[in-house]
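User: I am new to this structure and would like a close look at a single part of it. Please choose one element, say where it sits, and follow its residues outwards to whatever they touch.

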Amino acid sequence: MELKMNFKAARRNYLNVLFGLVFWLGLTFIAAAVGAYASVNAKAFYAGLLRPAWAPPGWLFGPVWSVLYLLMGMAAFFVWRERGHKSVNAALCLYAGQLVLNSLWTWLFFAWRSGFAAAVGICTLWALIVLTLVAFWRVRALAGILLVPY
């Protein structure tokens, strides 16, 4: 009887963890898709920009951002797993805010071509990223480390 109850509890825990993983990765990749949609026609625009010699080629953005979004989603998942920690809700709210701003920035710059708004947006985004990284680090160091490449 006890073994059967332990199995049910383990299964419930497994489903909870799986739900969290799918939720945080899904939310993160939805934000990625919203941003990607704004940059569908950005190839010519990006090619026409005056860029420094060290600027990456346009084809590199897709693969690099895919990895970055995966790392971001995993970091959020690891923070979510620490639900007993007092700072989890604040950290995840910061994460959600920077995710929204990340998607919005692509629209500001590539779709709406608003240089000033994009500059303000990117500065705000950088601040939110730093705050999120620090908040994630305080909850779980690995989550903070996963945001470092971002």
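Analyst: Read along the sequence, the protein follows the pattern α-α-α-α-α-α. That is six helices and zero strands, in what is a predicted model. Along the principal axes, the C-alpha atoms fill a box of roughly 70 × 25 × 25 Å. The protein has 150 residues, and buried residues make up 33% of them. Among contacts with a separation of 6 or more, 73% join residues 24 or more positions apart.

The part chosen here is helix 5, which covers residues 115-139. Two of its residues, Leu-125 and Thr-132, serve as starting points.

Leu-125 belongs to helix 5. This leucine counts as buried because its relative accessible area is 5%, below the 20% limit used for that term. Leaving aside neighbours within four places in sequence, its contacts are Gln-98, Leu-101, Asn-102 and Tyr-150. Helix 4 spans 88-111, so three of these contacts, Gln-98, Leu-101 and Asn-102, fall in that range. Trp-105 can be placed relative to Leu-125 as well: the two are 20 residues apart along the chain, and their C-alpha atoms are separated by 8.3 Å.

Further along helix 5 comes Thr-132. Its relative accessibility is 1%, which is why Thr-132 is classed as buried. Beyond its neighbours within four places in sequence, Thr-132 is in contact with Ala-91, Leu-94, Tyr-95, Gln-98 and Leu-147. Gln-98 thus appears in the contacts of Thr-132 and also in those of Leu-125.

Tyr-95, a contact of Thr-132, leads to the largest nonpolar core. This core has 28 residues, and those with the most contacts inside it are Trp-24, Met-72, Val-79, Leu-92, Tyr-95 and Phe-136. Helix 5 is one of the elements that give two or more residues to the core, along with helix 1 (2-38), helix 3 (61-81), helix 4 and helix 6 (141-147). Helix 3 gives the most, with eight residues. In soluble globular proteins, nonpolar side chains tend to be buried together.

Phe-136 shows what such a residue touches. Not counting residues up to four places away in sequence, Phe-136 touches Ala-75, Ala-76, Val-79, Ala-91, Leu-92, Tyr-95, Ala-141, Ala-143, Gly-144 and Leu-147. Ala-91, Tyr-95 and Leu-147 are also among the contacts of Thr-132.

A second, separate core has seven residues, including Ala-42, Tyr-46, Trp-105 and Leu-108. Trp-105 is the residue whose distance from Leu-125 was given above.

Trp-105 also brings in the largest pocket, with about 990 Å³ of space. The pocket is lined by 31 residues, and the closest to its centre are Phe-61, Trp-65, Trp-105, Thr-106 and Phe-110. Helix 5 supplies at least two residues of the lining, as do helix 1, helix 2 (42-48), helix 3 and helix 4. Helix 3 gives the most here, with six residues. By class, the lining divides into 22 nonpolar, seven polar and two charged residues.

To sum up helix 5: Thr-132 and Leu-125 lie in it, and the helix gives residues both to the largest nonpolar core and to the lining of the largest pocket.

Terms used: Residues numbered from 1 in each chain as written. Predicted model: local features only at pLDDT ≥ 70, side-chain atom pairs only at ≥ 80, totals over all residues. Heavy atoms only, no water. Helix = DSSP H or I, 4+ residues; strand = E, 2+ residues; numbered from the N terminus. Buried < 20%, exposed > 50% of the residue type's maximum accessible area, 1.4 Å probe, protein only. Contact = heavy atoms within 4.5 Å. Core = buried A, V, L, I, M, F, W, Y, C linked by side-chain atoms within 4.5 Å. 1 Å grid on protein atoms, 1.4 Å probe; cavity = no way out; pocket = protein on both sides within 12 Å on 5 of 7 lines; lining within 4 Å. Points joined across faces, edges and corners; volume = space filled by probe spheres on them. Nonpolar A, V, L, I, M, F, W, Y, C, P; charged D, E, K, R; others polar.
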